[in-house]
Structure formats: structure tokens, C-alpha cells
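Work through the exercises below with the model open. Try each task before you read its solution.

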Amino acid sequence: MRKVVAGNWKMHHGPDAAAGFLSRFRPRGVSETVELILFPPDLSLRAVRKAARVPVGLGVQNIHWEESGALTGEVSAEMAREAGASFALVGHSERRHLFGETDDQVGRKVRAAVRAGLVPVVCVGELLKERRAGWLADVLRRQISAFAGALEGVTAFMVAYEPVWAIGTGETATPEDASEAHAIVRETLGARTPAAILYGGSVNPGNAAELMSAPGVDGVLVGGASLDPGVFAGIAEAAAG
Ligand code: PEP
């Protein structure tokens, strides 16, 4: 199975910077062994699509669950699809914790992504205080049960395990931590089989290979280290082995 290397640009790289990134993004020897996905800001989707020199899947970082409506500032899954996206990140920890997105809303967004033919990449993960309290499994089960119903019979979906304490902090889960959490995710999903379970949280070219060789880790979701074409290429090459 090909490893997945996905980059979440968050609110970085407008159209010009996105085109510049793609012109310099030339990972070597990854086309057969690595599935690359980028989640640029919506306004840069077109620039990424036009400038990509290697096959890269395109995704959006957020969607609304309605198809259209008087919802200023929101973008629907159908619009994302029309703009060229194939993937939608749902429930990223910044959406949950900075914008107050609830488990219920995550479930609705997953349903909307499936409705529009997008592959949802659903993020789950515990806060540091929840980990310290021994609630890892409870948190993951609660988050997953809120969207599992939307995935009956769906195989085109991914889950990203992203411990909140490891996102943008330079702290990384150990490969053992990642394997433990991924096993809980897989068990909770039961008969619903994801295309991949990704690990995310301060992944860089130095730790990517070890994390991706951990049992149950099918790839990585990368934030900060996906912003530089050389660094992100280093992670892709690490995934290629
Ligand atoms: C993320 O935003 O999904 C993420 C994992 O960020 P970082 O790699 O910067 O920790």
C-alpha cells in the first residue's frame, strides 16, 4: 500500500506563493510509492492545480454541511468539488478548538463530503490534559462515533490521528504512541475500513520515516513542515523509503 503524505497549509500561501511552491516542489522517486495530497487555502486551489509538476491530490481544509445558503464566508463540499478538490479535511484540531467546531458538526461535514463525492480526511486527537488523565481511548471513541454513521459502506475516507499537544509544538508522539492510537481508531471504526490512517503532529524530514514505519501508520498529515517545498519533498522522500 502506498504511504500517504498530506500537507495542510492552513492560512499560508496565497495563489502566487502556491504557484511558486509547486514550481520548486520536485520530490525524487515518490511517484510509485507515495500518494501526495495538498490542502491549500481555497483561493489557491486553482494555482496549485495549474502549477503542479508531480501528481498531487487536492483538498480543502474545511467545508460547510449545507449545499448552499445564506452562510456568509462558508464554502460547501459541492463547491469544493467543482473547484477541483477531491479531499476535504474535517474536524482539524484548530477548527475544533479555535473555532468551536463540535463533534456533531464534524459528523455533518463528513456526511456532506461523502454526498459531494469528496474523500473526507477526518481529524481526531486528544488534548494533553485528556492524555494525562488516561482518556485517550475515550476521546477517540467519542470523536469517531460522532461521524462513523456517515461512513456506512464508504471506503473512500481517511482518518488523521493528531494529538493536539503535538500540533505545531515541535513535540511528536513516539511511534509506539501513534501505533496505540491508530489501533484504537481502527478498532472503533469496526467494519468501516479507511483508505488510510495518518499520523499528524510536528512531522519533519527527520522523524517521518520512523513514524511511518510504525505498525498501523499509513502516512502523515503535515502542517508547518509542508510549507517549504524542499522540506516537504524531504518528507515525501522519507515515505518512499
Ligand atoms: C496539522 O496542522 O495538521 C499539523 C499536524 O501541524 P504540524 O505538522 O505543524 O504540527
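**Exercise 1: The largest cavity**

Task: Find which elements each supply at least two residues of the lining of the largest cavity.

Solution. The model is predicted. Helix α4 and strand β5 (119-124) each supply at least two lining residues. Next, rank the contributions. α4 gives the most, with three residues. Now list the whole lining of this cavity. It consists of Gly91, His92, Ser93, Arg96, His97, Cys123, Val124, Gly125, Gln143, Glu162 and Val164. Sort these residues by class. Three are nonpolar, six are polar and two are charged. Then take the volume. The largest cavity holds about 40 Å³ of space. Finally, count the cavities of 30 Å³ or more. There is one.

**Exercise 2: The ligand shell**

Task: Determine which residues come nearest to the ligand, and how the shell divides by class.

Solution. Start with the shell, taking residues with a heavy atom within 4 Å. It has 14 residues, and Lys10, Glu162, Gly168, Ser202 and Gly223 come nearest. By class, the shell has four nonpolar, eight polar and two charged residues.

Task: Find how far polar side-chain atoms of Lys10, His92 and Asn8 lie from ligand oxygen atoms.

Solution. Take the three side chains in turn.

- Lys10: a polar side-chain atom lies 2.7 Å from an oxygen atom of the ligand.
- His92: a polar side-chain atom lies 2.8 Å from an oxygen atom of the ligand.
- Asn8: an N or O atom of the side chain is 3.5 Å from a ligand oxygen.

Now turn to the ligand's area. Taken alone, the ligand exposes 300 Å², and the protein buries 95% of that.

**Exercise 3: The largest pocket**

Task: State the volume of the largest pocket and name the lining residues closest to its centre.

Solution. The volume is about 580 Å³. The lining has 22 residues, and those closest to the centre are Lys10, Met11, Gln61, Asn62 and Arg95. Split the lining by class. It has eight nonpolar, nine polar and five charged residues.

**Exercise 4: A salt bridge of Lys10**

Task: Identify the residue with which Lys10 forms a salt bridge, and place both residues in the chain.

Solution. Begin with the principle. Side chains of opposite charge can pair when their charged atoms come close. Here the salt bridge of Lys10 is with Glu94, and the closest N and O atoms are 2.7 Å apart. Next, locate the two residues. Lys10 sits in the loop between β1 (3-8) and α1 (15-24), while Glu94 belongs to helix α4 (residues 93-98). The pair links distant parts of the chain, 84 residues apart. Last, take the full count. The model has twelve salt bridges.

**Exercise 5: Positive phi**

Task: Give the phi values of His13 and Ser202, and place each residue in its loop.

Solution. Take His13 first. Its phi is near 70°, a positive value in a residue other than glycine. His13 is in the loop between β1 and α1. Then take Ser202. Its phi is about 55°, again positive, although Ser202 is not a glycine. Ser202 is in the loop between β7 (196-200) and α9 (208-212). Link this back to Exercise 2: Ser202 is also one of the residues that come nearest to the ligand.

Note on methods
Residues are numbered from 1 along each chain as its sequence is written. This is a predicted model: local features need pLDDT of at least 70, side-chain atom pairs count only at pLDDT 80 or more; totals for chains, interfaces and linings use all residues. Side-chain values use heavy atoms; hydrogens and water are left out. A polar contact is a pair of N or O atoms within 3.5 Å; within protein, one must be able to donate a hydrogen and the other to accept it, and residues adjacent in sequence count only if both atoms are side-chain atoms. Accessible areas come from the Shrake-Rupley method with a 1.4 Å probe; for residues, only the protein chains shown count as cover. Ala, Val, Leu, Ile, Met, Phe, Trp, Tyr, Cys and Pro count as nonpolar, Asp, Glu, Lys and Arg as charged, and the others, Gly among them, as polar. On a 1 Å grid over the protein atoms alone, a cavity is a set of points where a 1.4 Å probe fits but cannot get out, and a pocket is an open set with protein on both sides within 12 Å along at least five of seven lines; lining residues have an atom within 4 Å of a point. Grid points are joined across faces, edges and corners, and a volume is the space filled by probe spheres set on the points. A salt bridge is a side-chain nitrogen of Lys or Arg within 4 Å of a carboxyl oxygen of Asp or Glu. Helices (H or I, at least four residues) and strands (E, at least two) are DSSP runs, numbered from the N terminus.
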